[in-house]
Amino acid sequence: MRLLHTSDWHIGRSLHGTDLLAEQEQVLGGLADVVRAESVDVVLVAGDVYDRAVPSADATGVLDRVLMRLRSAGAQVVLTPGNHDSARRLGFGAGLLARSGVHVRAMTPALDEPVMLDDEHGDVAVYGLPYLEPEVARHELGLPDARGHEAVVGAAMDRVRADLFLRPRTRSVVLAHAFVGGGLPSESERDICVGGVDLVSAAVFDGIDYVALGHLHRPQSLSDRIRYSGSPLAYSFGEAGQQKQAWLVDLDASGLSEVRPVPLPTPRPLTVLRGELAELLADPELASVTEHFVSAQLTDAIRPADPMRQLQGRFPHAVHLEWAGTGPAGDQRSYTERLAGRSDLEVAGEFVSHVRTVGATPAELELLRRALAAAAHEEALA
């Protein structure tokens with residue numbers, strides 16, 4: 001049996017306010033080509049199918065079309081909710097979907113009920129663990145005294161192994177959405193290490209032929225049989241230059257046989273530029289990145305006027321900007337000391353100069369003077 005391990009689709013996510021639905025559909029829909037080319041039997045999605053608990057209508061449309069393409073290519077699909085998803089919403093219609101070959105494993109009490117598949121070597125049990133929020137899952141699992149993520153995931157895996165014990169000679173796959181010890185995070189994951197949610201030991205997953213993990217966006221291997229596929233697209237500039245992939249997992253008669261990466265396309269690469277604005281706008285060597293998503297770190301000594309508009313004139317997909325210049329030497333005096341002996345008009349004029357890098361004109365200073373005088377008059381009457 002051949003499986004394609006993916007996770008963290010985050011359909012509906014944006015990049016600094018820029019919609020990524022078109023890029024997401026291109027990459028996720030392209031998984032159907034992998035299914036055909038590699039004769040994939042099952043596509044696994046280990047959590048964070050959507051980017052938010054209540055996805056937009058456009059996001060649900062993307063998922064619908066992607067699932068249709070995967071099924072048309074011949075693969076069954078097993079997916080579970082992550083910490084970004086609403087398990088109850090994602091699980092709506094799960095019974096009907098299962099009849100079409102799309103298996104949504106979203107209910108915590110049923111996590112030890114596997115999707116049963118078979119090949120020429122016999123049965124394969126695929127267990128889907130929905131994201132287990134400790135404060136909720138400990139009650140659903142009948143563990144009122146359990147604390148932390150490892151406790152609830154450990155209890156869930158005990159149930160999985162108990163079910164598997166009743167299925168002799170059955171190979172096993174588990175989907176789980178968790179931060180497992182040894183994994184390297186990226187900038188784009190939502191932190192789940194709060195409120196008693198913590199690291200999970202890899203030993204929790206002992207006895208399983210293959211563990212398909214989700215949550216961390218960097219593809220990585222914790223062991224031959226425990227892996228993160230990572231997200232199919234880069235969702236932060238910290239992931240710029242990272243080759244996204246899925247894992248192609250082969251099971252033979254004895255269990256795990258081989259795992260190899262399948263590179264995924266990058267519809268629009270992410271690039272971080274650093275330098276003075278004029279240099280970035282004129283450098284001929286940057287011609288190759290003009291259509292990339294761009295984050296610019298400007299090193300100009302003085303903050304340029306309207307820098308994003310100028311950047312987008314050359315880099316139309318520039319979405320993030322920060323000024324890294326040092327500016328004038330910092331004044332170490334306190335705020336009160338810096339205002340001592342200065343008029344309100346002088347302070348207001350300096351503010352105008354600081355904001356737009358150009359001092360106030362005589363006419364503007366006159367308007368400021370009149371406004372300050374009117375404010376002082378109203379204060380005196382109050």
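Biologist: Which residue of E8 does Asp119 stand opposite?
Modeller: In this predicted model, strand E7 covers residues 115-119 and is joined to E8 by five bridges, the two strands running antiparallel. A hairpin of two residues connects E7 to E8. Within this pairing, the residue of E8 that stands opposite Asp119 is Gly122.

Biologist: Is strand E8, residues 122-128, largely enclosed by the rest of the structure or largely open, and how many of its residues are buried?
Modeller: A residue counts as buried when its relative accessible area is under 20%. Strand E8 has seven residues, and it is largely enclosed by the rest of the structure because the number of them that are buried is five.

Biologist: Which residue is the bridge partner of Gly128 in E9?
Modeller: Besides its pairing with E7, strand E8 pairs with strand E9, residues 171-177, in the parallel sense over five bridges. In that strand, the bridge partner of Gly128 is Leu175.

Biologist: Which strands stand at the edges of the open sheet that has the order E7-E8-E9-E10-E12-E11?
Modeller: This open sheet has six strands, and its pairing is mixed. Inside it, strand E10 (residues 210-214) and strand E12 (residues 226-228) pair in the parallel sense over three bridges, with Leu213 opposite Tyr228. An edge strand here pairs on one side only, and the two that do so are E7 and E11 (220-221).

Biologist: In the sheet with the order E6-E5-E4-E1-E13-E14, which strands have one side left without a neighbour?
Modeller: This is an open sheet of six strands with mixed pairing. Two of its strands each have a single partner strand, so one side of each lacks a neighbour in the sheet, and these edge strands are E6 and E14 (255-263). The twist from one strand to the next averages 20°.

Biologist: Which residue of E6 does Val78 stand opposite?
Modeller: Strands E5 and E6 run parallel and are joined by three bridges. In E6, the residue that stands opposite Val78 is His103.

Biologist: What angle does the direction of H1 make with that of E1?
Modeller: Helix H1 packs on the sheet, where it touches E1 (2-6), E4, E13 and E14. Helix H2, for its part, lies across E4, E5 and E6 and runs at about 140° to E5. For H1 and E1, the angle between the directions is about 160°.

Biologist: How many residues does the largest nonpolar core have?
Modeller: The residues with the most contacts inside this core are Leu4, Trp9, Ile11, Val43, Leu70, Val77 and Leu79. Elements that give two or more residues to the core include helix H1 (21-38), helix H2 (57-73) and strand E5 (76-80). A second, separate core of 29 residues includes Tyr127 and Val180, whereas the number of residues in the largest core is 42.

Biologist: Which residues does Ile11 touch, not counting those up to four places away in sequence?
Modeller: Ile11 is among the residues with the most contacts inside the largest nonpolar core. With residues up to four places away in sequence left out, Ile11 touches Leu21, Gln24, Leu28, Val49, Tyr50, Asp51, Ala59, Val62 and Leu63.

Biologist: Is Gly93 buried, partly exposed or exposed?
Modeller: Gly93 lies in the loop between helix H3 (87-90) and helix H4 (94-99). Its C-alpha is 38 Å from that of Val319, and the two residues are 226 apart in sequence. Because the relative accessibility of Gly93 is 26%, this residue counts as partly exposed.

Definitions and conventions
Residues numbered from 1 in each chain as written. Predicted model: local features only at pLDDT ≥ 70, side-chain atom pairs only at ≥ 80, totals over all residues. Heavy atoms only, no water. Buried < 20%, exposed > 50% of the residue type's maximum accessible area, 1.4 Å probe, protein only. Helix = DSSP H or I, 4+ residues; strand = E, 2+ residues; numbered from the N terminus. Pairing = 2+ DSSP bridges. Core = buried A, V, L, I, M, F, W, Y, C linked by side-chain atoms within 4.5 Å. Contact = heavy atoms within 4.5 Å. Axes fitted to C-alpha atoms, helices over the stretch in contact; angles between N-to-C directions.
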